[in-house]
Amino acid sequence: MLEVGPGHGVRGGDLKGSAPLTTTALSRAARFKPEPVSRALPSPAETLRQVLVSLDDMKAEDTVSIDLRTKAAFADTMVVTSGRSHRHVGSIADRVVDNLREAGCKNIRVEGMPNCDWVLIDAGDVIVHVFRPEVRDFYNLEKMWEPGSVGSKRHTS
């Protein structure tokens with residue numbers, strides 16, 4: 001009798017694909033692993049939360065977040081903070097970048113790491129400025145973006 005259906009060949013009792021795979025086929029299959037499923041990018045609020053947690057962990061000083069949604073199109077929030085020295089500024093910036101990458105942020109751009117006077121981290125929706133205190137006083141970004149300090153939230157560490 002001729003059986004047709006799953007697992008049966010057209011010629012009767014032959015099982016389709018019943019021959020064992022060769023070692024060549026197995027090794028080729030092992031080399032071509034599927035790519036991991038991509039994770040969704042974190043929301044702007046989650047990105048900001050990650051930044052603030054990283055800054056708190058690294059003992060950043062005088063952290064201020066400025067809401068830019070009604071003022072600029074390039075980001076939702078700007079965070080300005082200070083480190084005590086060149087080394088502290090660099091360490092803070094490294095931790096923020098590492099934590100954002102672990103959270104799934106992509107295309108993070110960093111400027112100013114060689115000198116560590118002022119490090120800018122562009123995480124898309126959140127821009128982070130990490131300054132040494134003297135440099136922060138000189139540029140005074142908070143005053144430029146927040147005249148009258150309306151809408152900024154000061155975070156104490």
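Long-range contacts come to the fore in this predicted model. Among contacts in the protein chain with a separation of 6 or more, 57% join residues 24 or more positions apart.

Which elements make up the chain? It holds five helices and six strands. Read from the N terminus, their order is α-α-β-β-α-β-β-β-α-α-β. The chain thus opens with two helices and ends on a strand.

Next comes the split between inside and outside. The protein chain has 157 residues, and 34% of them count as buried. Its accessible surface is about 10,500 Å². Carbon and sulfur atoms hold 55% of that area.

Now the interior. In soluble globular proteins, nonpolar side chains tend to be buried together. Here the largest nonpolar core has 21 residues. Within this core, Val 51 and Ile 121 have the most contacts. Which elements give two or more residues to the core? They are the helices α2 (44-57) and α3 (86-103), plus the strands β4 (118-122) and β5 (126-131). The top contributor is α3, with six residues.

Val 51 lies in α2 (44-57) and is a good place to trace the packing. Which residues does Val 51 touch, leaving aside neighbours within four places in sequence? The partners are Val 79, Val 96, Leu 100, Val 126 and Val 128. Of these, Val 96 and Leu 100 fall within the range of α3 (86-103), while Val 126 and Val 128 fall within that of β5 (126-131).

A second core stands separate from this one. It has eleven residues, including Ile 66, Ala 72, Ala 75 and Val 80.

Notes
Residues numbered from 1 in each chain as written. Predicted model: local features only at pLDDT ≥ 70, side-chain atom pairs only at ≥ 80, totals over all residues. Heavy atoms only, no water. Helix = DSSP H or I, 4+ residues; strand = E, 2+ residues; numbered from the N terminus. Buried < 20%, exposed > 50% of the residue type's maximum accessible area, 1.4 Å probe, protein only. Contact = heavy atoms within 4.5 Å. Areas by Shrake-Rupley, 256 points an atom, 1.4 Å probe, with all protein chains shown as cover. Core = buried A, V, L, I, M, F, W, Y, C linked by side-chain atoms within 4.5 Å.
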